[in-house]
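Reader: I should like a close look at a single part of this model, namely one sheet and what packs around it. Please set out the account as one connected description.

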Amino acid sequence: MTEAIARRPVAVLGAGGYIGQHFLRLLADHPWFEPTLLAAGASGANRTVDEVWRLPEAPPAAITGRRLVRATPAAVARAGVTVAFGGLPSGTAGPFERELARRGVAVFSNASDLRGADGVPLLVPEVNEAHLALLDRRAKRRAPIVTNPNCSATGLALALAPILPVLRPRSVHVATYQALSGAGWPGVPSLAIADNVLPFIADEEEKLAAETRRLLGRRQGAGVRSWATPVHAHCARVATREGHLEAVTLEATRRPTRRAILDAWRRFDPLAERGLPTAPHPPVEVREEADRPQPLRDRWAGSPPAARGMAATVGRVRWDAPVLRFFVLSHNAVRGGAGGSVLNAELALADGWLG
């Protein structure tokens, strides 16, 4: 895609929150989208970006001093935006997003409320671009809603998609070591996580298994037939700030060489010619060192610079046929959060779903 695209005015919902601020960081200088309405809840409304900012790096100059507002779906629609990025908390996001879509504002959401709902694609562009066709071009009554998956499911699906054709797994087992920021702000109480690992995250194992299988499934008419292979998950919270690490074990029905498996990851770049600003090339980076990937060193993987944090990193690959073991790391708030939604919107715009 080479033709110039004029910047579209967009809204950021939940702009005072952790994911919302990653949306602001990614969109401040985005070539296709211009954040013109920054909406926040009661605690953030009427405060400036600088006053609510919690990310380690300073807010981008383009949004410094901007004021957050309390906005209803009607107010967002009246503001003249055509796209909204959803950083609202799960549990409250769904009705707000449906009403926005009814009023003609396309929604790209990080919330879990509408994942898997009828006509709502659950999307990782490199993995299941075909699922965008779940949107109905004939449905004039509302604008599209697209969701990104659970943050751990994103990294797992990116790691699995390139190697499924060469391995044809019989089963997948995954254990996650999930960062504190996955719980939002202020996250897990310090006395609960210091000197500790929490081996339970409510509903996380179920989401990881079901959403991974949906992402790897096939679109059938107006729905998706989930990938048939079982995914067995253990999920734990650990005391890292950002970056979800996952230990994956799968039993294969095929026996390629180790080199063929590594090559499958390295050649994988289905968006290479699409020109999407936030897409990483490659989307899966392979590390040969014995002690990688690590959250502290690899959470910001991804190039070009606009795609920092958007690549998954695979390492510690051990192939004892028919069993493959490896680790995968992805940035939970970028690739598994705000960046995933921004890339979804770029793909939808490039594919003509946004008019």
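**The parallel sheet and its surroundings**

Author: Strand 1 and strand 3 run parallel to one another and are paired over four bridges. This is a predicted model, and the description below starts from that pair and works outwards. Strand 1 covers residues 8–13 and strand 3 covers residues 83–86. Within the pairing, L13 stands opposite G86 of strand 3.

On its other pairing, strand 3 joins strand 4, again in the parallel sense and over four bridges. Here A84 has V107 of strand 4 as its bridge partner. Strand 4 in turn runs parallel to strand 5, with three bridges between them. V107 takes part in this pairing as well, since its bridge partner in strand 5 is I145.

Taken together, these pairings belong to an open sheet of five strands in the order 2-1-3-4-5, with parallel pairing. Its edges are strand 2 (33–39) and strand 5, each of which pairs on one side only. Ignoring direction, neighbouring strands of this sheet are turned by 25° against each other on average.

Strand 3 is covered on both faces. V83 and F85 lie on one side, A84 and G86 lie on the other, and all of them are buried.

Two helices deserve attention in this setting. Helix 4 packs on the sheet, where it touches strand 1, strand 3, strand 4 and strand 5. The direction of helix 4 makes about 150° with that of strand 4. Helix 12 (residues 334–350) lies across strand 1, strand 2, strand 3, strand 4 and strand 5, and runs at about 145° to strand 4.

Helix 4 can be described residue by residue. This helix spans residues 93–102, and its buried residues are A93, G94, F96, E97, L100 and A101. Seen down the helix axis, the buried residues of helix 4 fall within an arc of 165°, so they line one face of the helix. The face turned away from that buried side carries P95 and R102, which are exposed. The partners of the buried residues are strand 1, helix 3 (73–78), strand 3, strand 4 (106–109) and strand 5 (145–147). After helix 4 comes G104, which has a positive phi near 95°.

A second sheet offers a counterpart to this one. It is an open sheet of six strands in the order 9-6-10-13-12-11, with mixed pairing. The edge strands here are strand 9 (231–237) and strand 11 (284–286), each pairing on one side only. From one strand to the next, the twist averages 20°. Strand 6 (residues 169–178) pairs with strand 9 in the parallel sense over seven bridges, and H173 has H232 in strand 9 as its bridge partner.

Helices pack on this second sheet too. Helix 9 (residues 204–215) touches strand 6, strand 9 and strand 10 (244–252), and its direction makes about 135° with that of strand 9. Helix 10 (residues 258–267) touches strand 11, strand 12 (312–320) and strand 13 (323–330), and its direction makes about 165° with that of strand 12.

One loop residue beside these elements can be followed in detail. R292 lies in the loop between strand 11 and helix 11 (295–298). With a relative accessibility of 7%, R292 falls under the 20% cut-off and therefore counts as buried. Neighbours within four places in sequence aside, R292 is in contact with R287, R297, D298, G315 and R316. The C-alpha atoms of R292 and V317 are separated by 10.0 Å, although the two residues are 25 apart along the chain.

The whole chain gives the context for these parts. It has twelve helices and 13 strands. For 355 residues, a compact globule would have a radius of gyration near 20 Å, and the 19 Å of the protein chain agrees with this. Along the principal axes, the C-alpha atoms fill a box of roughly 60 × 50 × 35 Å. Of the 355 residues, 56% count as buried. Among contacts between residues at least 6 apart in sequence, 76% join residues at least 24 apart. The accessible surface comes to about 14900 Å², and 51% of it belongs to carbon and sulfur atoms.

Notes: Residues numbered from 1 in each chain as written. Predicted model: local features only at pLDDT ≥ 70, side-chain atom pairs only at ≥ 80, totals over all residues. Heavy atoms only, no water. Pairing = 2+ DSSP bridges. Helix = DSSP H or I, 4+ residues; strand = E, 2+ residues; numbered from the N terminus. Axes fitted to C-alpha atoms, helices over the stretch in contact; angles between N-to-C directions. Contact = heavy atoms within 4.5 Å. Buried < 20%, exposed > 50% of the residue type's maximum accessible area, 1.4 Å probe, protein only. Arc of directions from axis to C-beta. Rg over C-alpha atoms; globule rule 2.2 N^0.38 Å. Areas by Shrake-Rupley, 256 points an atom, 1.4 Å probe, with all protein chains shown as cover.
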